[in-house]
Amino acid sequence: AAAGNIWPAPFAAGEERELRSAAVLVPLIDRADGMTVLLTQRTDTMSDHAGQIAFPGGRVEPGEVTPEETALRETEEEIGLSTSKIEVLGRMNARDTGTGYRVMPVVGLIRPPMSLSPDPSEVAKVFEVPMEFILDPANHRLEKRDERGESREYYVMPYNDHYIWGLTARILVELGKMVRNA
């Protein structure tokens, strides 16, 4: 595995800060009229990434050995989707975020019917984006933003009235490439 793909993130001497380990579920919903990807919109009251579009997930808790355990637990806590409904397909590349996390995306397949009960303190909304939309590179835009004197490029993927950007958009772009090249 590449050094950047080790999870939990190892403590690297000489780094300014230790990365906190986290995992997200990339939930593929096997709908009759085509595959979709489930996303959440975080509540405006969250301490981290308030109001942003995200995959269900969060930081590792003591005793969790694999990113799959973390992603499945967090998914059940955030949106009430039973882990027994999720067939884990594999992992994508870990991503280090500007906010100090190493995030391991875990891809899971869900076959409806499914029942969700989002945690109102964390999740404002749950919605699905068609895989067809994610697969089309025309829907992936690179934008630049100046932050602390540095210009940063990041992906955005606006969908209907949802502004998907940052880590969530990067993972979706990678997912699109993986599926196109499969």
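I call a residue exposed when its relative accessible area is over 50% and buried when that area is under 20%, with partly exposed in between. I keep in mind throughout that this is a predicted model.

**Entry 1: Asn-160.** I began with the backbone of Asn-160, where phi is near 50°, a positive value in a residue that is not glycine. I placed Asn-160 in the loop between β10 and α3. Its relative accessible area is 66%, and because the cut-off for exposed is over 50%, I entered Asn-160 as exposed.

**Entry 2: aromatic pairs.** I searched the whole structure for aromatic pairs and found two. In one of them Phe-133 meets Tyr-159 edge-to-face, with 4.9 Å from centre to centre and 65° between the planes. This pair joins distant parts of the chain, since Phe-133 belongs to helix α2 and Tyr-159 to the loop between β10 (150–156) and α3, 26 residues apart. I checked the exposure of both partners and found Phe-133 buried and Tyr-159 buried as well. The other pair is Tyr-154 with Trp-165, also listed as edge-to-face, at 5.4 Å centre to centre and with 65° between the planes. Here too distant parts of the chain are linked, with Tyr-154 in strand β10 and Trp-165 in the loop between β10 and α3, 11 residues apart. Tyr-154 has a relative accessible area of 9%, which is under 20%, so I noted it as buried. For Trp-165 the relative accessible area is 23%, and because this lies between 20% and 50%, I noted Trp-165 as partly exposed.

**Entry 3: charges over rings.** I then looked at Trp-165 again and saw that the charged end of Arg-145 sits over its ring, 4.8 Å from the centre. Elsewhere I noted Arg-20 lying over the face of Tyr-101, at 4.2 Å from the ring centre.

**Entry 4: nonpolar cores.** I looked up the largest nonpolar core, which holds 26 residues, and listed Val-26, Val-37, Ile-164 and Leu-172 as those with the most contacts inside it. At least two residues of this core come from each of β1, β2, β7, β8, α2 (131–135) and α3 (166–180). The largest share, five residues, is supplied by α3. I followed Ile-164 outward, leaving aside its neighbours within four places in sequence, and found contacts that include Leu-39, Ile-53, Val-129, Tyr-155, Tyr-159, Ala-169 and Leu-172. Apart from the largest core lies another, of 16 residues, among them Trp-7, Met-104, Val-106 and Met-114.

**Entry 5: helix α1.** I tested the length of α1 (residues 67–79): at 1.5 Å a residue its 13 residues should span 18 Å, and the end C-alpha atoms are 18 Å apart, so the two values agree. The helix is mostly covered, with 10 of its 13 residues buried. Among the buried residues I listed Pro-67, Thr-70, Leu-72, Arg-73, Glu-78 and Ile-79. What covers the buried residues of α1 includes β1 (20–31), β2 (34–42), β4 (57–59), β5 (86–91), β7 (101–110) and β8 (123–130). Just past the end of α1, I recorded a positive phi of about 75° at Gly-80.

**Entry 6: a cis peptide bond.** I last checked the peptide bond from Pro-112 to Pro-113, which is cis, with omega near 5°. I located Pro-113 in the loop between β7 and β8.

Terms used. Residues are numbered from 1 along each chain as its sequence is written. This is a predicted model: local features need pLDDT of at least 70, side-chain atom pairs count only at pLDDT 80 or more; totals for chains, interfaces and linings use all residues. Side-chain values use heavy atoms; hydrogens and water are left out. Helices (H or I, at least four residues) and strands (E, at least two) are DSSP runs, numbered from the N terminus. The expected span of a helix is 1.5 Å times one less than its number of residues. Buried means under 20% relative accessible area, exposed over 50%, partly exposed in between (1.4 Å probe, protein chains only). Contact means heavy atoms within 4.5 Å. A nonpolar core is a set of buried Ala, Val, Leu, Ile, Met, Phe, Trp, Tyr and Cys residues joined through side-chain atoms within 4.5 Å. Rings of Phe, Tyr and Trp (its six-membered ring) pair if their centres lie within 6.5 Å; planes under 30 degrees apart count as stacked, over 60 as edge-to-face and the rest as tilted. A charge sits over a ring if NZ of Lys or CZ of Arg is within 6 Å of the ring centre and within 35 degrees of the ring normal.
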